[in-house]
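Visitor: Could you give me a close look at one packing contact in this structure? Please go through it in order and then set it beside whatever else is worth examining.

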Amino acid sequence: MSFLTPLALLSALVVGPLIVAMYLLKLRREERRVSSTFLWQRMVRDVEANAPWQRLRRNWLLFLQLLLLLLLAIALARPFLLTTGISGRNLIIIIDRSASMAATDVPPSRLEAARRQAQTLVDQLPEGGRATIIAIGGQMDVLAASTTDRRQMYDAIRATTLSIGGRGDLSQALALATALAAREPDSEVAIISDGNVEIPTDIRVPATVRYFPIGQRAENVAISAMALQPTPTGQTLFVQVSGYGPAPVSRRLDLYLDGALFNAYELNLGPDGTPDAVQTVIVDIPAQARVAEARLSPAPNDDFLPSDDRAWAVSSTGAGMEVRIVGPGNRFLETALSLLPGITATKTTTTTVSGDTAPQVTIFDRVVPEALPTGNLLFIAPMRSTSLFSVTGMVEFPLLRPAPIVIEGQAPPLLRNVSVSEVNVLRAMRIETGVWARALVEGDGSPMLLAGEREGRRIVILAFALQDSDLPLQVAFPLLISNIIGYLAPGSGLEASQIAPGQPLVVAVDPAATAVRVVRPDGRVDAAQIQGGQAIYADTDALGPYLIEQVHDNQAVEQRRFAINLFAPEESRIAPSGELRVPQVSGLQQAVTREQVGRQELWRWLAAASILIVLIEWLVYQRSSLAYLRQRVRLALAARRRPA
């Protein structure tokens with residue numbers, strides 16, 4: 001044990017002798033019974049002859065007062081114990097709240113253990129220290145910003161709840177921590193996570209970064225994929241189960257159709273990384289089934305993440321979406337759209353475009369109308385400028401490559417499983433947009449593929465015509481079209497009616513509909529926001545099936561179902577990481593985990609003990625009065641019990 005202000009112990013050496021001296025100088029009188037007041041004169045003479053310095057006798061009050069003095073002196077010296085924690089005055093806490101933090105290997109959950117660790121770090125802050133609380137996992141949230149109010153810190157930590165809408169990404173959090181630490185010289189960054197996070201490589205944190213790992217076990221079995229596809233005779237259900245643990249396990253898979261048990265399967269899964277770690281079930285089901293659910297049997301010792309033990313798939317039979325193609329005709333585009341389930345492609349010319357009846361997605365192939373329709377838009381080789389972008393020229397033989405922002409980070413949804421490095425282009429339009437669009441593919445300094453949101457709708461621009469490239473002849477073409485349609489109309493494309501957690505639900509609104517309501521998995525009914533001919537619902541953190549109803553005169557005129565599942569291998573693989581590599585300005589590349597630099601101060605406990613000593617001293621000093629009071633109470637109670 002060490003002291004922050006050891007000189008405060010000298011107060012005990014100064015005040016202690018004064019207390020003892022007061023007891024030595026105290027004049028003690030004995031209580032005696034006398035038969036006559038004549039004897040009082042003799043007692044007065046004895047008092048006058050009494051010497052001031054007396055022999056120190058055993059006295060409980062003296063002992064308690066000296067003990068109180070000792071406790072107060074030690075508290076003023078601020079004793080502390082070295083613990084695994086922090087030592088800076090400006091603390092930046094980053095709490096991981098992603099789906100893997102729901103694992104129960106640390107009771108009751110990893111997230112609760114992370115909250116306890118964060119509270120411990122706040123307790124270690126010195127007086128006047130500041131703290132910033134940041135939550136990652138899905139969208140980054142700053143729960144408390146550079147505050148000295150400990151109550152606000154604790155409230156922010158308690159307000160940290162699970163978010164399954166995305167993996168824990170440290171990029172934004174460390175960028176913010178870098179800016180905060182640059183202004184405060186005595187700063188530290190504390191990352192509380194199980195290690196399943198994305199770490200940027202282009203950031204150097206100007207402060208010590210400490211990592212506090214959460215989690216102990218890696219055993220987990222997850223439903224990693226599920227799909228329901230229509231067939232000529234009914235529907236086919238596909239379920240994939242993956243084992244992420246270090247040992248083989250056996251689990252039972254139960255399939256439910258519209259809430260009723262349909263079948264059960266016994267699965268034997270191998271260790272993670274082996275061919276037997278993934279098992280699939282393919283079964284034909286009736287055409288009238290609307291919602292299929294898969295459940296894994298409980299296994300407390302072989303599965304510590306219950307969030308991925310259930311999955312849903314909804315039927316797309318009878319449901320579809322219209323995609324309008326405006327242009328001279330494009331067999332490549334029409335063929336790619338025909339491969340997407342639930343997509344109906346219609347062809348028209350620019351003179352027939354109507355903003356009142358526009359579908360959810362409109363494709364302008366080598367044409368640009370005078371007035372843009374409502375809904376989301378895909379432009380292919382636009383020949384002239386619009387209010388959304390400007391066409392400034394042409395690029396000959398551009399060499400395609402992903403934009404630098406794509407190379408440094410994870411590929412966006414539009415380029416998932418798509419490679420553009422082998423695509424040859426004869427010519428492309430040179431396009432300039434505002435800040436609303438992001439270039440995903442570049443060619444000789446000019447954007448070739450752009451995407452973004454403007455005025456409440458999504459827009460994608462492909463700078464070259466399909467006929468001027470060999471893209472339609474490559475495997476990447478149907479995947480790219482599926483990704484684009486899935487971006488412009490979530491829930492369509494090859495992943496029909498499957499939405500990632502946190503991704504908004506977007507559907508085209510029938511002109512006859514007066515409202516759109518959403519029935520959540522828990523049965524709650526919410527209203528969707530209608531904007532630009534589309535219904536948007538963003539509260540999609542809960543897993544399960546969603547039903548979207550378009551209503552006219554309180555009657556449902558159209559229904560569509562979506563399923564939201566945790567199909568995230570990086571979150572289902574819950575094996576905790578013991579270290580994190582975070583580049584720091586000091587040259588360190590690894591976040592420190594086990595150094596005992598934290599200070600657990602003990603003065604609060606000593607102050608509480610001092611209050612207890614004061615109470616005991618008062619009881620000892622007033623013992624005679626308390627005994628007299630107790631006797632009076634007994635007599636009063638006895639008088640009441642006597643018969644009248």
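Guide: Contact here means heavy atoms within 4.5 Å. The model is predicted. By that cut-off, helix α7 meets helix α9 through Phe332, Leu333, Ala336 and Leu337 on the α7 side, and through Phe477, Ile481 and Ile485 on the α9 side. Sorted by class, this contact holds seven nonpolar residues, with no polar and no charged ones.

The geometry comes next. Helix α7 covers residues 331–338 and helix α9 covers residues 476–488. Their axes lie 9 Å apart and make an angle of about 70°. Angles from 65 to 115 degrees count as roughly perpendicular, and α7 and α9 are therefore roughly perpendicular to each other. The crossing of α7 past α9 is right-handed.

Helix α9 also takes part in a cavity. Leu480, which falls within the α9 range of 476–488, is one of the residues lining the second largest cavity. The rest of that lining is made up of Leu400, Val420, Val423, Val441, Leu449, Leu462, Phe464 and Leu471. By class, the lining counts nine nonpolar residues and no polar or charged ones. The volume of this second largest cavity is about 60 Å³. The model has five cavities of 30 Å³ or more.

A second helix pair can be set beside α7 and α9. The axes of helix α4 (residues 110–123) and helix α5 (residues 150–158) come within 9 Å and cross at roughly 170°. An angle over 145 degrees counts as roughly antiparallel, and α4 and α5 are therefore roughly antiparallel to each other. Helix α4 passes α5 in a right-handed crossing. From α4, the residues in contact are Arg115, Ala118, Gln119, Val122 and Asp123; from α5, they are Arg150, Met153, Tyr154, Ile157 and Arg158. The class count for this contact is five nonpolar, one polar and four charged residues, against seven nonpolar, no polar and no charged residues where α7 meets α9.

Two backbone details belong to this part of the chain. In the loop between β3 (90–96) and α4 sits Pro108. The peptide bond leading from Pro107 to Pro108 is cis, and its omega is near -10°. The other detail is in strand β5, residues 141–147, where Ser146 is found. Ser146 has a phi near 45°, a positive value in a residue other than glycine.

Terms used
Residues numbered from 1 in each chain as written. Predicted model: local features only at pLDDT ≥ 70, side-chain atom pairs only at ≥ 80, totals over all residues. Heavy atoms only, no water. Axes fitted to C-alpha atoms, helices over the stretch in contact; angles between N-to-C directions. Helix = DSSP H or I, 4+ residues; strand = E, 2+ residues; numbered from the N terminus. Parallel < 35°, antiparallel > 145°, perpendicular 65-115°, else oblique. Left-handed = near helix turned anticlockwise from the far one by under 90°. Nonpolar A, V, L, I, M, F, W, Y, C, P; charged D, E, K, R; others polar. 1 Å grid on protein atoms, 1.4 Å probe; cavity = no way out; pocket = protein on both sides within 12 Å on 5 of 7 lines; lining within 4 Å. Points joined across faces, edges and corners; volume = space filled by probe spheres on them.
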